[in-house]
Every structure is written in structure tokens, then in C-alpha cells.
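Visitor: I have a structure open beside its sequence, and I would like to go through it with you one question at a time. Could you guide me?

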Amino acid sequence: MTDAGSKADEQGVDQDRRKFLTVATSATAAVGAVFAASPFVASWKLSERAKALGAPVSVDLSKIELGQMITVVWRKQPIFIFKRSPAAVAALPANDSQLKDPQSKESDQPAYATNEGRSRRPDIAVLIGTCTHLGCLPKQHFEPGDAELGPDWPGGFRCPCHGSRFDMAGRVFDGSPASVNLRVPPYSYPNDTTLLIGQDDAAEQGAA
Ligand code: FES
């Protein structure tokens with residue numbers, strides 16, 4: 001082999017080595033990136049899990065029409081949120097004589113929801129949407145005189161499983177298998193149009 005030939009061979013080897021080193025470095029960098037990303041992925045999963053387990057859920061109230069109900073999930077439970085008209089709020093006391101626990105003395109709600117409307121604000125109701133009998137999902141029948149429930153029906157909910165009936169504040173009617181009112185979760189209003197489910201003063205202190 002000539003000198004020129006061996007020089008060319010050496011250059012070829014150098015180039016191959018450079019290529020190998022470049023590939024090896026890139027591979028190492030990629031693995032490093034995966035490892036560097038892992039703690040982030042782990043903490044993201046953790047925060048998603050924490051969220052599912054109990055983080056507060058924020059709801060934009062400006063998107064809910066008068067008389068409309070939406071359902072969100074908090075701590076794996078359905079939460080009913082609905083806007084009551086002034087007429088629906090004014091009609092609540094007329095139900096008292098037909099209710100099992102009109103003053104919510106035996107029922108489960110935060111202190112600020114132990115009132116006629118079982119709510120912080122009269123116009124917004126926030127209820128845990130599982131029947132207090134055996135946990136079915138009560139169906140909304142907000143229209144007074146609903147065809148299915150008769151002309152005296154004042155508006156509220158009926159559970160499809162065994163027929164428990166609740167008024168527009170989630171209070172249970174006499175004759176229902178459920179013995180207490182629908183439960184109320186802890187919540188607060190950071191501003192006029194935002195509802196924060198799962199966080200209030202008591203909840204922040206770990207009391208809820
Ligand atoms: S679960 Fe609702 S009435 Fe039985």
C-alpha cells in the first residue's frame with residue numbers, strides 16, 4: 001500500500017469513528033432525556049391522581065342558564081349544580097310540612113348550607129348527586145306539575161331505583177325510602193362567577 005493509500009484509509013477510519021461517536025452521544029443524550037423526563041412524568045401522574053382523589057374542582061357559573069343543571073365529578077362523585085329562579089327559591093318553604101328533615105338537622109351539609117335552600121347562595125344549589133337510600137343517581141324533574149309526578153309536584157328530583165323524591169334543595173319527601181336529604185359538599189365562591197367545589201374555609205383547615 002502506498003503512503004497516499006494508507007492516509008486515505010486512516011481518514012476513512014477517523015470519519016467512521018467520528019460518526020460512531022456522534023451516534024453514541026446522541027443515543028446517550030436521548031436516554032438522558034428520557035431519564036430526566038421520568039420524574040416529571042411521575043409527578044404529573046401523581047398530581048392527576050391527587051386531582052381525582054380530592055383536589056378542588058372549579059366551575060364557571062356564567063355558563064349555566066337559569067333553571068339549568070350541570071353535573072361535574074368531584075372525588076369520584078357526581079355533583080349537581082343548578083341555578084334556581086327566585087320563584088323556585090320562594091316556593092321552598094311550602095314543602096316543609098311534607099319533608100322528613102326540613103331543617104336538615106339529621107342531614108349532611110356544611111354549616112353554611114344548613115338553611116332552607118341548603119346553599120351558600122339562594123340561586124345556586126350544589127348537591128352530591130347520589131341518592132341517600134342506596135346510592136343511585138336521582139333524575140331531575142324541575143318542572144312543577146311534572147307529568148310523571150303529578151299536578152302537586154313542586155319540582156325537584158326522583159330516584160329511578162326505589163322512588164325517593166327530593167325537592168329543589170335536595171330535601172327528601174315523606175314516603176321515600178331515603179331517610180335524609182341529599183348531601184352537600186364543601187364549596188366556596190372565589191368570585192361571583194366561579195364555584196370551587198371541595199374547598200371552603202373549613203375544608204382548608206382540614207375539617208371537611
Ligand atoms: S337508591 Fe334511591 S331510592 Fe333507593
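Visitor: In which loop is the place of R118?

Guide: This is a predicted model, and in it the phi angle of R118 is near 50°, a positive value in a residue other than glycine. As for its place in the chain, R118 lies in the loop between α2 (86-90) and β4.

Visitor: Is R118 buried or exposed?

Guide: The cut-off for a buried residue is 20 or more other C-beta atoms within 10 Å of its own. R118 has 25 other C-beta atoms within 10 Å, and therefore R118 counts as buried.

Visitor: How many other C-beta atoms lie within 10 Å of R75?

Guide: R75 also has a phi near 50°, positive in a residue other than glycine, and its place is in the loop between β2 (69-74) and β3. A residue is exposed at 12 or fewer neighbours and buried at 20 or more, with partly exposed in between. R75 is partly exposed, because the number of other C-beta atoms within 10 Å is 14.

Visitor: What pattern does the protein follow along the sequence?

Guide: The secondary structure comes to 3 helices and 9 strands. Read along the sequence, these elements follow the pattern α-β-β-β-α-β-β-β-β-β-β-α.

Visitor: Over how many bridges do β3 and β4 pair?

Guide: Strand β3 covers residues 77-83, and its pairing with β4 is antiparallel. Within this pair, I81 stands opposite V126 in β4. The pairing of β3 and β4 runs over 5 bridges.

Visitor: Why is strand β4 described as largely enclosed by the rest of the structure?

Guide: Strand β4 spans residues 124-128, and the description follows from a count of buried residues along this strand. One of its residues, V126, touches I79, I81, S119, V184, P185, Y187, L195 and I197, leaving aside residues up to four places away in sequence. β4 is largely enclosed because the buried residues number 4 of the 5.

Visitor: Which elements give two or more residues to the largest nonpolar core?

Guide: In soluble globular proteins, nonpolar side chains tend to be buried together. Here the largest nonpolar core has 28 residues, of which I79, I81, A125, V126, L127, L195 and I197 touch the most other members. The elements that give two or more residues to this core are β3, β4 and β9 (194-197).

Visitor: Which are the edge strands of the open sheet that contains β9?

Guide: That sheet has 3 strands in the order β1-β9-β8, with antiparallel pairing. Each edge strand pairs on one side only, and the two are β1 (57-60) and β8 (187-191).

Visitor: Which residue of β9 does D60 stand opposite?

Guide: β1 and β9 run antiparallel and are joined by 4 bridges. Across this pairing, the residue of β9 that D60 stands opposite is T194.

Visitor: What is the average twist from one strand to the next in the open sheet β5-β6-β7?

Guide: This open sheet of 3 strands is paired in the antiparallel sense, and its edge strands are β5 (139-141) and β7 (165-167). From one strand to the next, the twist averages 25°.

Visitor: Which residue in β7 does F157 stand opposite?

Guide: Strand β6 takes in residues 156-158, and 3 bridges link it to β7 in the antiparallel sense. The residue in β7 that stands opposite F157 is F166.

Visitor: What separation is there between the C-alpha atoms of R183 and R171?

Guide: R183 is found in the loop between β7 and β8, where it touches D108, Q109, I128 and T132, not counting residues up to four places away in sequence. R183 and R171 are 12 residues apart along the chain, and the separation of their C-alpha atoms is 9.2 Å.

Visitor: Over which residues does pLDDT stay under 50?

Guide: The mean pLDDT of the protein is 83, and 71% of its residues reach 70 or more. One stretch stays under 50, and for it the model has 0 contacts beyond four places in sequence. That stretch is residues 16-40.

Technical notes
Residues are numbered from 1 along each chain as its sequence is written. This is a predicted model: local features need pLDDT of at least 70, side-chain atom pairs count only at pLDDT 80 or more; totals for chains, interfaces and linings use all residues. Two strands pair if DSSP finds at least two bridges between them. Axes are lines fitted to C-alpha atoms, for helices over the stretch in contact, and angles run from 0 to 180 degrees between N-to-C directions. A nonpolar core is a set of buried Ala, Val, Leu, Ile, Met, Phe, Trp, Tyr and Cys residues joined through C-beta atoms within 7 Å. Two residues are in contact if their C-beta atoms, placed from the backbone, lie within 7 Å. pLDDT is the predictor's confidence in each residue, from 0 to 100.
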